[in-house]
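This report goes through a protein model, from single residues to the whole chain. The sequence and the coordinates come first.

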Amino acid sequence: MQNWFDIFPKSTGLSLYAWIIFCLLPFYFIIRSATYFEIILGVFMILLFFTTYRLSFIKKGWTVYLSVSIEMLISIGMTLYFGYVYFSLFLAFFIGNIQHKAGFITLYVLHLITTLAAVTIGFYVQSELFLMQLPFIVISVIGVILLPFNIYNRNKREKLETELHEANQRISQLVVLEERQRIARDLHDTLGQKLSLIGLKSELAGKLIDTKPERTQAELTDIHQTARTALKEVRELVSDMKGARLSDELLRVEEILQAAGINLHVKGSASFNEAPPLIENVLSMCLKEAVTNVVKHSEAENCYITIDQSTTSLSLTVEDDGKGMSSEQKSWSESGLQGIKERLGFINGQLNYHSSEGTKLAIQVPLVIQQIK
């Protein structure tokens, strides 16, 4: 059930003023009856209908079906006795808000049958009045047929979109957490090692400063170079924390491969129109890791990168013509690809790789993580 309620239904294709007219019209149909008893009876039925209609959005369980049953009886009575058929539209809207499939189908069929029966009998009982409002009665019957399905599907879609939005936020948080863990590992493995080296060399230089000044100068030079290398690695880590575009990463990849003497061949466009920044950022990081492995381990002459985008997925392929991975390199294979697998896991991506004469990594990501429009 919806977590809101109102006498005037929302998002049904009719304006608020149309629903206000439907609420005021029954008084016109009652007054035209011109007898004191009928006016009292009609006003009582109207008040009872809107009271039970409002309660149906609040209550749960069997009380909801009891309220709907009372509303159906009132709608039939208003149709047959006063010629007012438009309470059926309010009922159609409410039935569309029932998310329990069996309850929805049961009430929909029951409401459709009773409405058609009441309208058919009404044409015989009050033929002149019904013929005068024939176009509006036809519209009401069409609304009774279509409106519940429209509301039911809209509510279901909104629920799925809400869940998708929450999942997207959760994935974004997990990606941030994973990046922090990766940076922590990098700091421990690289920067921590270099700081330890600087400390050892500083102690050694302090001991040699009086006895071996030339050796001390060499140690100080090493300390200076190690510090510059550590600073460079820190800057790279900070840069990795920022969102990366795949087109920008391709430029950096080209520079790295060119420096390594490997020819780069790119097929496809890195300009995405529908991909969320989260997916593009993850693909950029995966591309960086894949090319780093090519440079370090493949001994290749050529590297082929293929990018393909469809309405449902993105695919990225990195292939080289190097020596491939031998059986002795399986442990490197698992550890080298583990980072890519972990990143893709956050966006439901898949990684396939094949190695014989060269290595081929195929990444595919579904386009299901998107902003709600």
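## A loop residue with positive phi

N348 sits in the loop between α11 and β4 (350-356). The backbone of N348, a residue other than glycine, has a positive phi near 60°. The model is a predicted one, and these angles are computed from its coordinates.

## Overall make-up

The protein chain contains 11 helices and 5 strands. Its length is 373 residues, and 40% of them count as buried. The accessible surface of the chain comes to about 21,600 Å², with carbon and sulfur atoms supplying 60% of that area.

For contacts between residues at least 6 apart in sequence, 70% join residues at least 24 apart.

## Annotated spans and helix α2

The unreviewed UniProt entry carries the annotation "transmembrane region" for residues 12-31, 36-53, 73-95, 102-124 and 130-152. Two of these spans can be set against the model. Residues 36-53 are 100% helix and 0% strand, and the C-alpha atoms at the two ends are 26 Å apart. Residues 130-152 are 96% helix and 0% strand, with 30 Å between the end C-alpha atoms.

F49 belongs to helix α2 (residues 36-58). Is F49 buried or exposed? With a relative accessibility of 0%, F49 counts as buried. Leaving aside residues up to four places away in sequence, F49 touches E71, I74, F87, F90 and L91. The C-alpha atom of F49 also lies 7.6 Å from that of I70, although 21 residues separate the two along the chain.

## Helix α9

Helix α9 is made of 14 residues. From first to last C-alpha it reaches 20 Å, close to the 20 Å expected at 1.5 Å a residue. Its buried residues are L246, E249, L250, V253 and L257. Viewed down the axis of α9, these buried residues fall within an arc of 105°, so they line one face of the helix. The elements they pack against are β1 (263-267), α10 and β2.

On the face of α9 turned away from the buried side are the exposed residues L251, E255, Q258 and A259. Just after the helix comes G261, which has a positive phi of about 75°.

## Salt bridges within helices

Side chains of opposite charge can pair when their charged atoms come close. How many salt bridges does a search of the whole structure find? The search finds 4, and three of the pairs are described here, beginning with two that lie within helices.

In α9, E249 forms a salt bridge with R252, and the closest N and O atoms are 2.8 Å apart. The two residues are 3 positions apart in helix α9 (residues 246-259), so about one helical turn separates them. E249 is buried at a relative accessible area of 5%, whereas R252 is partly exposed at 39%. E249 is thus listed among the buried residues of α9 and also takes part in a salt bridge.

The second pair is E161 and R157, whose side chains meet in a salt bridge with an N to O distance of 4.0 Å. Because E161 and R157 are 4 residues apart in helix α7 (residues 134-208), they are separated by about one helical turn. E161 is partly exposed, its relative accessible area being 31%. R157 is partly exposed too, with a value of 44%.

## A salt bridge between two loops

Where in the chain are the partners of the E299 and K323 pair? Their side chains meet in a salt bridge, with 3.5 Å from N to O. The pair links distant parts of the chain, 24 residues apart: E299 is in the loop between α10 (277-298) and β2 (302-309), and K323 is in the loop between β3 (313-320) and α11 (330-345).

E299 has a relative accessibility of 64% and therefore counts as exposed, the cut-off being over 50%. K323 is partly exposed, with a relative accessible area of 46%.

Notes
Residues numbered from 1 in each chain as written. Predicted model: local features only at pLDDT ≥ 70, side-chain atom pairs only at ≥ 80, totals over all residues. Heavy atoms only, no water. Buried < 20%, exposed > 50% of the residue type's maximum accessible area, 1.4 Å probe, protein only. Contact = heavy atoms within 4.5 Å. Areas by Shrake-Rupley, 256 points an atom, 1.4 Å probe, with all protein chains shown as cover. Expected span 1.5 Å × (residues − 1). Arc of directions from axis to C-beta. UniProt positions renumbered as here; feature names shortened; annotations may be inferred.
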